[in-house]
Amino acid sequence: MAPENAKVALFEAIAVMGKAFASSRRLELLDLLAQAPRTVDELARASGQSTANTSQHLQALHAGGMVTRAREGTSVRYSLAGDEVLSLWLALRDLAVAQLGEAERAARAYLGEDVD
């Protein structure tokens, strides 16, 4: 593979991971999974989405290497794909609050004034 093609392939692979973070719904699912592993149905109920929509977002998170999945009978249980994913999610969340006033205001409106 030519060096230019290899560079493009590298950044395209990284962009797949970035795509996993490019949706507020996927970020909500990551936040829910940071609390505990859950099935698609549990995630759909907790996030107020349809099961089909939740499943599509989970596919994007899986493609980006953010979540793992394990079949449990007729259900599929999703988990964060490791401590690095949790660290990346927490860093992104904290950076958004630190750099974007709107994120901090939204956090306070949602969680209360004692947001840390």
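**Close-up views of a predicted model**

**View 1. The surface of the protein.** About 7500 Å² of the protein is exposed, and 55% of that area comes from carbon and sulfur atoms. Bear in mind as you look around that this is a predicted model. Of the 116 residues in the protein, 26% are buried. The C-alpha trace spans about 55 × 45 × 25 Å along its principal axes.

**View 2. The order of helices and strands.** Six helices and three strands make up the secondary structure of the protein. Follow the chain along the sequence and you will meet them in the pattern α-α-β-α-α-β-β-α-α. Now for the contacts: taking those between residues at least 6 apart in sequence, 45% join residues at least 24 apart.

**View 3. How helix H3 crosses helix H4.** Here we turn to H3, residues 40-47, and H4, residues 51-63. Two packed helices are described by the distance between their axes and by the angle between those axes. For H3 and H4, the axes come within 9 Å and cross at roughly 110°. Angles of 65 to 115 degrees count as roughly perpendicular, so H3 is roughly perpendicular to H4.

**View 4. The residues where H3 meets H4.** On the H3 side, look for Val40, Asp41, Leu43, Ala44 and Ser47. Their partners in H4 are Thr51, Thr54, Ser55 and Leu58. Sorted by class, this contact of H3 with H4 has four nonpolar, four polar and one charged residues. Leu43 in H3 and Leu58 in H4 are among the residues to find in this view.

Key:
Residues are numbered from 1 along each chain as its sequence is written. This is a predicted model: local features need pLDDT of at least 70, side-chain atom pairs count only at pLDDT 80 or more; totals for chains, interfaces and linings use all residues. Side-chain values use heavy atoms; hydrogens and water are left out. Axes are lines fitted to C-alpha atoms, for helices over the stretch in contact, and angles run from 0 to 180 degrees between N-to-C directions. Helices (H or I, at least four residues) and strands (E, at least two) are DSSP runs, numbered from the N terminus. Angles under 35 degrees count as roughly parallel, over 145 as roughly antiparallel, 65 to 115 as roughly perpendicular and the rest as oblique. Contact means heavy atoms within 4.5 Å. Ala, Val, Leu, Ile, Met, Phe, Trp, Tyr, Cys and Pro count as nonpolar, Asp, Glu, Lys and Arg as charged, and the others, Gly among them, as polar. Buried means under 20% relative accessible area, exposed over 50%, partly exposed in between (1.4 Å probe, protein chains only). Accessible areas come from the Shrake-Rupley method with a 1.4 Å probe; for residues, only the protein chains shown count as cover.
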